[in-house]
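Here is a friendly walk through one protein model, to be read with the structure open beside the text. The route goes from single residues to strands, then to charged pairs and empty space.

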Amino acid sequence: MSGTEEMSKALKATTPGPCADFPSTIVRATIVQASTVYNDTPKTIEKAGEFIAQAASDGAQLVVFPEAYIGGYPRGYRFGIGVGVHNEAGRDCFRKYHASAIVVPGPEVNQLAEMARKNKVYLVMGAMEKDGYTLYCTALFFSPEGRFLGKHRKVMPTSLERCIWGYGDGSTIPVYDTPIGKLGAAICWENRMPLLRTSLYGKGIELYCAPTADGSKEWQSSMMHIALEGGCFVMSACQFCVRKDFPDHADYLFTDWYDDTHPEAIVSQGGSVIISPLGKILAGPNFETEGLVTADLDLGDIARAKLYFDVVGHYSRPEIFNLTVNENRRKPVTFVSKSVKAAEDSEPQDD
């Protein structure tokens, strides 16, 4: 055999074919489907820690909690609100709800960061955030090193939520580039907003977290659509709650999923689910109990899905359709210090 023939044979033995088997990255993700401990934030965080440890012991690298898990989603609360009507009981109900919310950053955020570090997981936590006396429905992000990465504030509260929650702005629509994938979130019915979804797609989101309070069967269709549209993994986390999880209050107006009213009647039926970019349900939906919903995510499915459809890539038409996102923080009051004002006054003026 000549030297040329030997070289050719060696190249054929070492050169991969057109569909060579390159290993994909596998990420284990877990959704925590559980109820808030209402009016008791320390116990809620303690309960979260138990679920995080359980998920981590099963190999989870990413743990996602539902909307407003810390502080509580106020399902059925009316806060005494009616058009042109205010009452003391409603105001006091809001006082208690505000007391259950957390400051970001703050001591509770530090606790959660330590839980993420101790269990070596990425953590996405739904929380009620208080900024002064305004509340925001927020998703908090933590790294396995125990670092608070940042937050997303819900940009559009739904229905009566607008009476008790503030509006997030474009400064908190992050997607974090992590070793397990590009991680971000949209909260509940924000997921129905095409332009918000497009902003996340534009940032390359791969691990799309959807903390929610919507436990309907119809919600599952939205999650499936987003997975296919965005070519991303979707993790929808919803609380599972029964009547006895809520404090007693005559003004609460529950819509139970079943016709009974005993303490075990289901008030929020969960439905947490994990869906792949190819539209396959990997875990869930769970409509029955509190617990963990876990799946192994093959990140190679993202490329497989985007061969045919990349919503902000080869399947876009930017010369026709274009989205501009204002990421500036919108502040109601801006102060200019005297030193800055004096420096501006001392600058030479143009003739």
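T36 sits in the loop that runs between strand 1 (26-33) and helix 2. Keep in mind while looking at this residue that the model is predicted. With a relative accessibility of 3%, T36 counts as buried. Its side chain reaches the backbone oxygen of Y69 at 2.5 Å.

Another loop residue worth a look is I102, placed between helix 3 (88-100) and helix 4. I102 is buried, its relative accessible area being 1%. Along the chain, I102 and L135 are 33 residues apart, and their C-alpha atoms are separated by 9.2 Å.

**Strand 3 and its partners**

Strand 3 covers residues 122-131, and nine of its ten residues are buried. Which strands does strand 3 pair with, and in which sense? With strand 2 (residues 62-64) the pairing is parallel and runs over three bridges. With strand 4 (residues 134-142) the pairing is antiparallel, over nine bridges.

V124 is a handy residue for following both pairings. V64 stands opposite V124 of strand 3, and the bridge partner of V124 in strand 4 is F141. Strands 3 and 4 form a hairpin with two residues between them. In that turn, G132 has a positive phi of about 70 degrees.

**Charged pairs**

Side chains of opposite charge can pair when their charged atoms come close. How many salt bridges does the model hold? The count comes to 17, and three of them are set out here.

| Salt bridge | Closest N to O distance |
|---|---|
| E290 and K47 | 2.9 Å |
| E114 and R117 | 2.6 Å |
| R317 and E319 | 2.4 Å |

The salt bridge between E290 and K47 has an N to O distance of 2.9 Å. E290 lies in the loop between strand 13 (281-286) and strand 14 (291-298), while K47 belongs to helix 2 (residues 41-57), so the pair ties together parts that are 243 residues apart in sequence. E290 is partly exposed, with a relative accessible area of 30%. K47, on the other hand, is buried at 17%, because buried means under 20% relative accessible area.

E114 and R117 make a local pair: they are three residues apart in helix 4 (residues 107-119), which separates them by about one helical turn. E114 is partly exposed, with a relative accessible area of 37%, and R117 also counts as partly exposed, at 39%.

Are R317 and E319 buried or exposed? R317 is partly exposed, with a relative accessible area of 46%. E319, at 55% relative accessibility, counts as exposed, because the word is used for values over 50%.

Charged side chains also join in a larger arrangement: E129, D131, K151 and R153 are linked in a network of salt bridges.

**Pockets and cavities**

Rolling a probe the size of a water molecule over the atoms shows where empty space is left. The largest pocket has a volume of about 600 Å³. Its lining is made up of 21 residues, and those nearest its centre are Y73, R75, G76, S159 and E161. By class, that lining divides into twelve nonpolar, six polar and three charged residues.

The second largest pocket holds about 450 Å³ of space. It is lined by 17 residues, and T198, V311, V312, F321 and L323 are the closest to its centre. Here the lining divides into nine nonpolar, five polar and three charged residues.

What about enclosed space? There are two cavities of 30 Å³ or more. The largest cavity has a volume of about 50 Å³ and is lined by Y38, E67, Y73, R75, T212, A213, Q239, C241 and S268. Four of these lining residues are nonpolar, three polar and two charged. Y73 and R75 thus appear in the lining of the largest pocket and in that of the largest cavity.

The second largest cavity has a volume of about 30 Å³. Its lining consists of Y201, G204, I205, G230, K306, D310, V311 and V312, with four nonpolar, two polar and two charged residues. V311 and V312 are also among the residues closest to the centre of the second largest pocket.

How values were computed:
Residues are numbered from 1 along each chain as its sequence is written. This is a predicted model: local features need pLDDT of at least 70, side-chain atom pairs count only at pLDDT 80 or more; totals for chains, interfaces and linings use all residues. Side-chain values use heavy atoms; hydrogens and water are left out. On a 1 Å grid over the protein atoms alone, a cavity is a set of points where a 1.4 Å probe fits but cannot get out, and a pocket is an open set with protein on both sides within 12 Å along at least five of seven lines; lining residues have an atom within 4 Å of a point. Grid points are joined across faces, edges and corners, and a volume is the space filled by probe spheres set on the points. Ala, Val, Leu, Ile, Met, Phe, Trp, Tyr, Cys and Pro count as nonpolar, Asp, Glu, Lys and Arg as charged, and the others, Gly among them, as polar. Buried means under 20% relative accessible area, exposed over 50%, partly exposed in between (1.4 Å probe, protein chains only). Helices (H or I, at least four residues) and strands (E, at least two) are DSSP runs, numbered from the N terminus. Two strands pair if DSSP finds at least two bridges between them. A salt bridge is a side-chain nitrogen of Lys or Arg within 4 Å of a carboxyl oxygen of Asp or Glu. A polar contact is a pair of N or O atoms within 3.5 Å; within protein, one must be able to donate a hydrogen and the other to accept it, and residues adjacent in sequence count only if both atoms are side-chain atoms.
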